[in-house]
Amino acid sequence: MEPGSVENLSIVYRSRDFLVVNKHWDVRIDSKAWRETLTLQKQLRHRFPELADPDTCYGFRFCHQLDFSTSGALCVALNKAAAGSAYRCFKERRVTKAYLALLRGHIQESRVTISHAIGRNGTEGRAHTMCIEGTQGCENPKPSLTELVVLEHGLYAGDPVSKVLLKPLTGRTHQLRVHCSALGHPVVGDLTYGEPSGQEDRPFRMMLHAFYLRIPTDAECVEVCTPDPFLPSLDACWSPHTLLQPLDQLVQALRATPDPDPEDRGPRTGSPSTLLPGPGRPPPPPTKPPETEAQRGPCLQWLSEWTLEPDS
């Protein structure tokens, strides 16, 4: 995948109601800053000027977000009704997402469940970053859960690296990056949560990619699997030497897993064998109390602005 430009937007899914793009790394979704030379918003306006909606803040209804440095699948709703149906899927935790990443070091376990609660880092000089519960300055940590499956061991520019599939079961800001860092295996090229020695200045990008996305709306199931960008043929610095889990088997398991029940509103729990890639469904979570007016306010704000917090 070549660096992003206004002309080379990649579309991986299109219907009457939705687009799914394969977002480039180091591209913001939207921005009002005049100095921002390239955004996904500008790519969409260039490719689909007829689809821009003047009634929205940025012209397009982004159903979720990806970090600036993260590439991969991102869904765009093409009308208000479609955006509302996608929002309900996110709210009811019926969306399935999986990411590919290259992580520092060789992870010895084949599967790992990471359950550190995540909160905002209130330490001076660490504004806009997140941290795990117990870290000095950690504010308002919330339960967070990530499933990790090791795909390959190898070397990146001569350093040991693991290629993994990550499945976030909650949607905290920077969740995958924070969880991998807390595990002692940060994402290659992550300048915020990566190696402190300056090692992460060398890779040309952060090696985190939104690989699989399924949004089961009532009208249609939006399901995409983007191309794997972490292949030796695409990056000569990446040299895998040990295959632990074929990716295609995990993709088949993801596609075959039933969508979560809309009534299951709490954070999903379960073991790696039931969540990724096992055929069974996780046990039902505790029931959340009814939504209050105070909680409903932010939801209505989201419906008006059509944005969600980044989850990677």
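## A walk through the predicted model

The protein chain you see here has 6 helices and 14 strands. Please keep in mind as we go that this is a predicted model. Of the chain's 312 residues, 52% count as buried. Its accessible surface comes to about 14,300 Å², and carbon and sulfur atoms make up 52% of that area. Contacts that reach far along the sequence are well represented: taking the contacts with a separation of 6 or more, 66% join residues 24 or more positions apart.

Let us start with strand β5. This strand, residues 96–104, is mostly covered, with 9 of its 9 residues buried. In a regular strand, side chains alternate between the two faces of the sheet, and it is worth looking at β5 with that in mind. On one side sit Thr 96, Ala 98, Leu 100, Leu 102 and Arg 104, and on the other Lys 97, Tyr 99, Ala 101 and Leu 103; both faces are covered, and every one of these residues is buried. Note that charged side chains appear in the list too, namely Lys 97 and Arg 104.

Which strands does β5 pair with? One is β12, joined to β5 by 6 bridges in an antiparallel arrangement. Tyr 99 of β5 has Ala 210 as its bridge partner in β12. Another is β11, which also runs antiparallel to β5 and is joined to it by 6 bridges. There, Arg 104 stands opposite Val 161. Pairing of this kind goes through backbone hydrogen bonds.

From β5 we can move on to helix α4, residues 247–256, whose buried residues are Leu 247, Leu 250, Val 251, Ala 253 and Leu 254. These residues lie on the same side of α4, because they cover an arc of only 160° around the axis. Turn to the other side of the helix and you will find Gln 252 and Ala 256, which are exposed. What covers the buried residues of α4? The cover includes β5, which we have just visited, along with β10 (146–156), β11 (159–168), β12 (208–216) and β13 (221–225).

Strand β13 deserves a stop of its own, since it holds Val 222. With a relative accessible area of 1%, Val 222 is buried. Beyond its neighbours within four places in sequence, Val 222 is in contact with Tyr 13, Phe 18, Val 20, Cys 75, Leu 213, Arg 214 and Ile 215. The C-alpha atom of Val 222 is also 9.7 Å from that of Val 95, a residue 127 positions away along the chain.

Now for a separate sheet. Three strands form an open sheet, in the order β8-β7-β9, with antiparallel pairing. The edges are taken by β8 (130–132) and β9 (138–142); each has a single partner strand, so one side of each is left without a neighbour in the sheet. On average, neighbouring strands here are turned by 35° against each other, direction ignored. Helix α3, residues 175–182, packs on this sheet, where it touches β7 and β8, and its direction makes about 40° with that of β8. Looking at one pairing in detail, β7 (residues 118–121) and β9 are linked over 3 bridges in the antiparallel sense. Asn 121 stands opposite Cys 138 in β9.

Two residues around this region have backbone angles that may catch your eye. Asn 140, found in strand β9, has a phi near 50°, a positive value in a residue other than glycine. His 174, placed in the loop between β11 and α3, likewise has a positive phi, of about 60°, although it is not a glycine. Are these two buried or exposed? Asn 140 counts as exposed, at 57% relative accessibility, whereas His 174 is buried, with a relative accessible area of 12%.

Finally, a look at the cysteines. A disulfide is a covalent bond between the sulfur atoms of two cysteines. How many disulfides does the structure hold? The count is 0. Cys 89 shows why in its own case: the closest cysteine sulfur, in Cys 221, is 8.5 Å from the sulfur of Cys 89, which is too far for a bond. Cys 89 counts as buried, at 0% relative accessibility. Cys 180 is buried as well, with a relative accessible area of 1%.

Technical notes. Residues are numbered from 1 along each chain as its sequence is written. This is a predicted model: local features need pLDDT of at least 70, side-chain atom pairs count only at pLDDT 80 or more; totals for chains, interfaces and linings use all residues. Side-chain values use heavy atoms; hydrogens and water are left out. Buried means under 20% relative accessible area, exposed over 50%, partly exposed in between (1.4 Å probe, protein chains only). Helices (H or I, at least four residues) and strands (E, at least two) are DSSP runs, numbered from the N terminus. The arc is that of the directions from the helix axis to the C-beta atoms. Contact means heavy atoms within 4.5 Å. Accessible areas come from the Shrake-Rupley method with a 1.4 Å probe; for residues, only the protein chains shown count as cover. A disulfide is a pair of cysteine sulfur atoms within 2.5 Å. Two strands pair if DSSP finds at least two bridges between them. Axes are lines fitted to C-alpha atoms, for helices over the stretch in contact, and angles run from 0 to 180 degrees between N-to-C directions.
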